[in-house]
Amino acid sequence: MQQEKRTSDTARVRHAVTIIAVTILMEYAVNAVIVLLLRLFPDMQSAWMGQIMDIAVYLTIFLIPCCVMTKWSGWTLRDLNGEGRPDWSVYVMAVCLAAGWNLTATLLSAGMSELLSIAGYAEPSDSYVLPIGTVGMVLQIVQVAVIPPLVEELCFRGFFLKRAQRAMGVWPAILFTSVLFWLAHNSLTILPLAFGFGIIGGLLRVRYQSLLPSMCAHFVVNGTYIWVNWMQETQGAGIQSAISAAFILAEFVCLIIGVVMAARKGLIADMHIYMEESWLVRQRDWLRGIFTSIPFWIVLLAAGYFTYCGLEVLG
């Protein structure tokens with residue numbers, strides 16, 4: 001009887017992981033089709049028209065597979081978002097945690113870059129393109145700071161987390177979807193930021209039954225990326241240094257505020273509870289279910305290939 005339960009647990013996890021992996025493979029397929037179609041047309045003459053195309057492609061890659069699989073699961077957008085109605089303090093905490101973790105992750109990523117360079121591996125440098133004019137800047141804000149928080153949260157902390165949580169339990173689902181969130185960014189050095197934010201976003205979604213706090217935090221992280229890079233491209237060296245120092249100090253203060261609020265609101269205590277009590281299946285059966293899913297292996301190998309080659313996929 002015990003062996004039958006373990007087999008059933010493994011099969012349930014494998015089924016959930018396979019559905020998630022198939023959704024990601026559908027995203028890869030949509031991406032590939034769009035890339036082929038775009039090659040049939042000449043480059044856009046206007047820079048901001050190219051930005052509009054990028055936004056449309058990004059939405060298509062994520063939303064079509066996610067909406068198809070969500071509907072197939074019998075869920076609605078409300079099911080993905082949740083029934084929770086967090087108060088304003090939750091949003092403040094979410095933003096502070098995200099901003100504070102951004103500082104921590106930056107330091108960790110710098111250390112990873114050094115280790116990778118010692119090992120002889122160097123990732124392509126992150127290039128920022130300064131938009132042309134007001135229209136270009138507005139489109140860049142939409143493209144980087146608005147659309148990804150909406151779409152990625154619906155996908156990773158919405159559909160993926162909900163599907164995984166039902167099969168694995170809270171903490172395994174958060175861990176698994178955080179790994180997927182990192183893999184989607186096709187970078188080794190972004191591991192601390194993406195994985196850590198996946199943990200924070202997953203905890204917020206489970207604890208408050210709403211995607212809105214993690215969306216808000218995601219918006220701040222991506223919006224900060226635009227602001228910092230714009231500052232570096234347009235301001236003098238002296239102003240850059242002063243603003244950078246102020247920005248680092250602000251992130252440090254946010255880290256302290258976020259951790260204190262998380263402790264007072266019981267989020268940290270909930271995290272420990274999730275770690276200890278929220279496993280629907282044993283760790284061994286959970287891992288066996290994940291790594292016996294063939295579609296997951298395809299996703300894992302594809303993500304590794306994209307990362308190694310420095311290719312940008314999923315938008």
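Here are some questions and answers about this predicted model.

User: Happy to dig in! Which helix gives the most to the largest nonpolar core?
Analyst: Glad to help. This is a predicted model, where local features need pLDDT of at least 70 and side-chain atom pairs count only at pLDDT 80 or more, while totals for chains, interfaces and linings use all residues. Residues are numbered from 1 along each chain as its sequence is written, and side-chain values use heavy atoms, leaving out hydrogens and water. The core has 72 residues, a nonpolar core being a set of buried Ala, Val, Leu, Ile, Met, Phe, Trp, Tyr and Cys residues joined through side-chain atoms within 4.5 Å; with 12 residues, the top contributor is helix α5 (residues 133-168).

User: Is L161 in α5 buried or exposed?
Analyst: L161 does sit in helix α5, where helices (H or I, at least four residues) are DSSP runs numbered from the N terminus. Buried means under 20% relative accessible area, exposed over 50%, and partly exposed in between (1.4 Å probe, protein chains only). Since its relative accessible area is 2%, L161 is buried.

User: What separation do the C-alpha atoms of L161 and L80 have?
Analyst: Along the chain, L161 and L80 are 81 residues apart. In space, their C-alpha atoms are separated by 8.9 Å.

User: Which residues does Q140 touch, not counting those up to four places away in sequence?
Analyst: Q140 is another residue of helix α5, and it counts as buried because its relative accessibility is 7%. Contact means heavy atoms within 4.5 Å. By that criterion, Q140 touches Q51, Y128, V129, P131, A145 and I226.

User: How many residues of α6 are buried?
Analyst: Helix α6 (residues 170-183) reaches 20 Å from its first C-alpha to its last, close to the 20 Å expected at 1.5 Å a residue. That expected span is 1.5 Å times one less than the number of residues. The helix is mostly covered, and of its 14 residues the buried ones number 13.

User: At what angle do α6 and helix α7 cross?
Analyst: Axes here are lines fitted to C-alpha atoms, for helices over the stretch in contact, and angles run from 0 to 180 degrees between N-to-C directions. Residues of α6 including W171, I174 and W182 meet residues of α7, among them F195, G198 and L203. The axes come within 8 Å, and the crossing angle is roughly 140 degrees.

User: Is α8 roughly parallel or antiparallel to α9?
Analyst: Helix α8 (residues 212-234) and helix α9 (residues 237-264) pack at about 160 degrees, with axes 10 Å apart. Angles under 35 degrees count as roughly parallel, over 145 as roughly antiparallel, 65 to 115 as roughly perpendicular and the rest as oblique. So α8 is, relative to α9, roughly antiparallel.

User: Which residues does L211 contact, leaving aside neighbours within four places in sequence?
Analyst: L211 lies in the loop between α7 and α8, and L211 counts as buried because its relative accessibility is 0%. Its contacts are L80, N81, E153, L154, R157, G158 and R205.

User: What is the phi of Q209 near?
Analyst: Q209 is found in the loop between α7 and α8, and at 36% relative accessibility Q209 counts as partly exposed. Most residues other than glycine have a negative phi. Q209 instead has a positive phi, near 50 degrees.

Methods
Helix = DSSP H or I, 4+ residues; strand = E, 2+ residues; numbered from the N terminus.
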